Amino acid sequence: MDFDLILTGGRVIDPSQNLDEVTEIGFAGGKVARLGRSLPRAPGTEVRDVTGRIVTPGLIDLHTHVYVHGTSLGIDADTFGRSSGVTTAVDTGSAGPGNFAGFRKHVIERSEVRILAYLHVSHAGIFGFSERVMVGESEEMRLMNPIDAVAVADANRDVIVGIKVRVGRHASGTSGVAPLDIALQVAEEVGMPLMAHIDHPPPSYEEVVERLRPGDILTHAFRPFPNAPVTPQGRVKQVVLAARERGVIFDIGHGKGSFAFRTARAMLANGFMPDTISSDVHTLCINGPAFDQVTTLSKFLCLGVSLPEVIRASTVNAAAALRRPELGSLRPGSPGEATILSVEQGRFDYVDVVGEHLEGDRRIVADGVVLGGRLWHVRDGVTFALA
């Protein structure tokens, strides 16, 4: 086999194969072709030396907002992919059935980074959030559009992976669980998982979690008080444990207001690792406190989670949540996507959404991205020598 690209010398961490070793990865025809030592070189093969770096499956950020220019929260997926090593950005409810066609035509289909989406049950998605205007789309029940949401989700199954709803005082006012119950009906009708946002009560963490089905996702799972997943004594709430037991997925969704070191320490001390780690990146948090996906991953690394487990939460676990097993893996035949990372040593300041700072000794940075079996991006100042 003639390879288009070989990455050599890197530490390959692929939790989908329980792989953590120095080996080579060969890409051909836009896919992962082979892993192994001393892969054969052909005259046209590009061989890049990534010694000292970590190579992972293309990172998946399960919670982003990338309807750029279409909503006030949207950022550019390709720019974000370059800076954060993300090859699949999952937009979570930026668009609803009333404006999804524009999102697909003008953003999803033009992006080099893969964009998948959770469709909002509200007609226009998250349309009223900026620095000056914050209107919870789920507060106005007249905007709930379950009939059209079913039709749009069914017609766009290639890119829509689930249904999104946001509940909580900021997102749904005093509507309580009513928007959640409507969204669950939509998800049931189309046979897709639901992703539920939660912020301040009402409703309570318990009311939301107890409604979720196996495969549904609670995002903002490690949020601060109020509506934290731990008791005042630092124990994981029983409703949370019961939800995990029945297969509910717990996602970080850091964002502007949804991740606290105090909560994370308590959850990790109880042995409760999030299933997926995501940034919830948007215009209101890309300059802090979330910044990007690699910063969010770095926070967990500095909280004591091992690097392979951190990678797992942004690759194979995220792919499983999406029900897209071909993603998040470097198995031969998988899409030709990889992320090249470095773990820098030093003193780094991290901040959560309530202003608590953590001084960490490590930082994950994205040095390069492979897309379509080709080296798509290399970070400024980084050189991968031709080998």
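Arg-265 is partly exposed in this predicted model, with a relative accessible area of 36%. Its side chain meets that of Glu-356 in a salt bridge, 2.9 Å from N to O. Glu-356 counts as partly exposed too, at 27% relative accessibility. The two residues are 91 apart in the chain: Arg-265 belongs to helix α8, whereas Glu-356 lies in the loop between β15 and β16 (357-371). Elsewhere, salt bridges with shared partners tie Arg-53, Glu-344, Arg-363, Asp-367 and Arg-379 into one network.

Let's follow α8 to one of its neighbours. Helix α8 (261-269) is among the elements that cover the buried residues of α7, along with α6 (205-209) and β14 (249-250). Those buried residues of α7 (residues 238-246) are Val-239, Val-240 and Ala-243. They sit on the same side of the helix because they span an arc of only 100 degrees around its axis. This fits a general pattern: an α-helix has 3.6 residues a turn, so residues three or four places apart point the same way. On the face turned away from the buried side, α7 carries the exposed residues Gln-238 and Glu-245. After the helix comes Gly-247, with a positive phi near 105 degrees.

Back to the salt bridges, of which the whole structure has 24. One of them joins Arg-104 to Asp-158 at 2.5 Å, N to O. This pair links helix α2 (residues 100-106), home of Arg-104, to the loop between α3 (146-155) and β11 (160-167), where Asp-158 lies. Arg-104 counts as buried, at 18% relative accessibility, while Asp-158 is partly exposed at 41%.

Notes: Residues numbered from 1 in each chain as written. Predicted model: local features only at pLDDT ≥ 70, side-chain atom pairs only at ≥ 80, totals over all residues. Heavy atoms only, no water. Buried < 20%, exposed > 50% of the residue type's maximum accessible area, 1.4 Å probe, protein only. Helix = DSSP H or I, 4+ residues; strand = E, 2+ residues; numbered from the N terminus. Arc of directions from axis to C-beta. Contact = heavy atoms within 4.5 Å. Salt bridge = Lys/Arg side-chain N within 4 Å of Asp/Glu carboxyl O.
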